[in-house]
Amino acid sequence: NVLRSGIRVTVSLGVATMWEGWNSAFITNLVDAADKALYTAKRNGRNCAVQHDHEGDGGFTFLGQG
């Protein structure tokens with residue numbers, strides 16, 4: 001019904017993977033990294049996926065847009 005009503009639905013994804021350098025705080029860091037990636041995806045126009053990068057400057061990789 002939502003699709004037939006003309007309402008536009010978008011999905012933004014923030015992706016993160018565990019990194020050995022996080023030591024004991026890996027759960028907190030994993031959630032934080034995914035959250036930052038999610039808000040980066042939303043700032044990039046929504047309806048896309050962004051992955052948090054552990055290496056280099058800790059930036060983000062754009063995975064695609066729907």
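Leaving aside its neighbours within four places in sequence, with which residues is Thr40 in contact? The tour below reaches that residue after a view of the whole chain.

**The whole chain**

Begin with the complete chain, which is a predicted model. It has 66 residues, of which 20% count as buried. Its secondary structure consists of 1 helix and 3 strands, and from the N terminus on the order of these elements is β-α-β-β. Among contacts in the chain with a separation of 6 or more, 37% are made by residues 24 or more positions apart. With a surface representation switched on, the accessible area of the chain amounts to about 4,900 Å², and carbon and sulfur atoms contribute 53% of that area.

Next, colour the chain by confidence. The average pLDDT is 78, and 82% of the residues score at least 70. Select strand E1, where confidence is highest, at a mean of 87; then select strand E3, residues 60-65, where confidence is lowest, at a mean of 70.

**The nonpolar surface patch**

Now select Met18, Phe26, Ile27 and Val31. Together these residues form a nonpolar patch on the surface, with about 400 Å² of accessible area. Two of the members can be inspected individually. Met18 is located in the loop between strand E1 (13-15) and helix H1, and Met18 counts as exposed because its relative accessibility is 53%, the cut-off for this class being over 50%. Val31 belongs to helix H1, which spans residues 26-43; the relative accessibility of Val31 is 54%, so Val31 is likewise classed as exposed.

Keep Met18 selected and add two residues for distance checks. The C-alpha atoms of Met18 and Leu30 are separated by 6.1 Å, although the two residues are 12 residues apart along the chain. For Met18 and Asn29, 11 residues apart in sequence, the C-alpha to C-alpha distance is 8.2 Å. Leu30 itself is part of helix H1, and Leu30 counts as partly exposed because its relative accessibility is 25%.

**The salt bridge on helix H1**

Which side chains meet in a salt bridge? Select Asp32 and Lys36: their side chains form this interaction at 3.2 Å, N to O. The count for the model is 1 salt bridge. Both Asp32 and Lys36 lie in helix H1, 4 residues apart, which corresponds to about one turn of the helix. With the surface displayed, Asp32 is partly exposed, at a relative accessible area of 35%, and Lys36 is also partly exposed, at 43%.

**Thr40 and its contacts**

Finally, move along to Thr40. Is this residue of helix H1 buried or exposed? Thr40 is buried, because its relative accessible area is 11% and the cut-off for buried is under 20%. Show the side chains of Thr40 and Arg43 together: a polar contact of 3.2 Å joins them.

To close the opening question, add Val50 and Phe60 to the selection. These are the residues with which Thr40 is in contact once its neighbours within four places in sequence are left aside. While viewing Phe60, recall that residues 60-65 make up strand E3, the element of lowest confidence, with a mean pLDDT of 70.

Notes: Residues are numbered from 1 along each chain as its sequence is written. This is a predicted model: local features need pLDDT of at least 70, side-chain atom pairs count only at pLDDT 80 or more; totals for chains, interfaces and linings use all residues. Side-chain values use heavy atoms; hydrogens and water are left out. Patches are made of residues with over 30% relative accessible area and no salt bridge: like charges are joined within 9 Å, nonpolar side chains (Val, Leu, Ile, Met, Phe, Trp, Tyr) within 5 Å. Accessible areas come from the Shrake-Rupley method with a 1.4 Å probe; for residues, only the protein chains shown count as cover. A salt bridge is a side-chain nitrogen of Lys or Arg within 4 Å of a carboxyl oxygen of Asp or Glu. Helices (H or I, at least four residues) and strands (E, at least two) are DSSP runs, numbered from the N terminus. Buried means under 20% relative accessible area, exposed over 50%, partly exposed in between (1.4 Å probe, protein chains only). Contact means heavy atoms within 4.5 Å. pLDDT is the predictor's confidence in each residue, from 0 to 100. A polar contact is a pair of N or O atoms within 3.5 Å; within protein, one must be able to donate a hydrogen and the other to accept it, and residues adjacent in sequence count only if both atoms are side-chain atoms.
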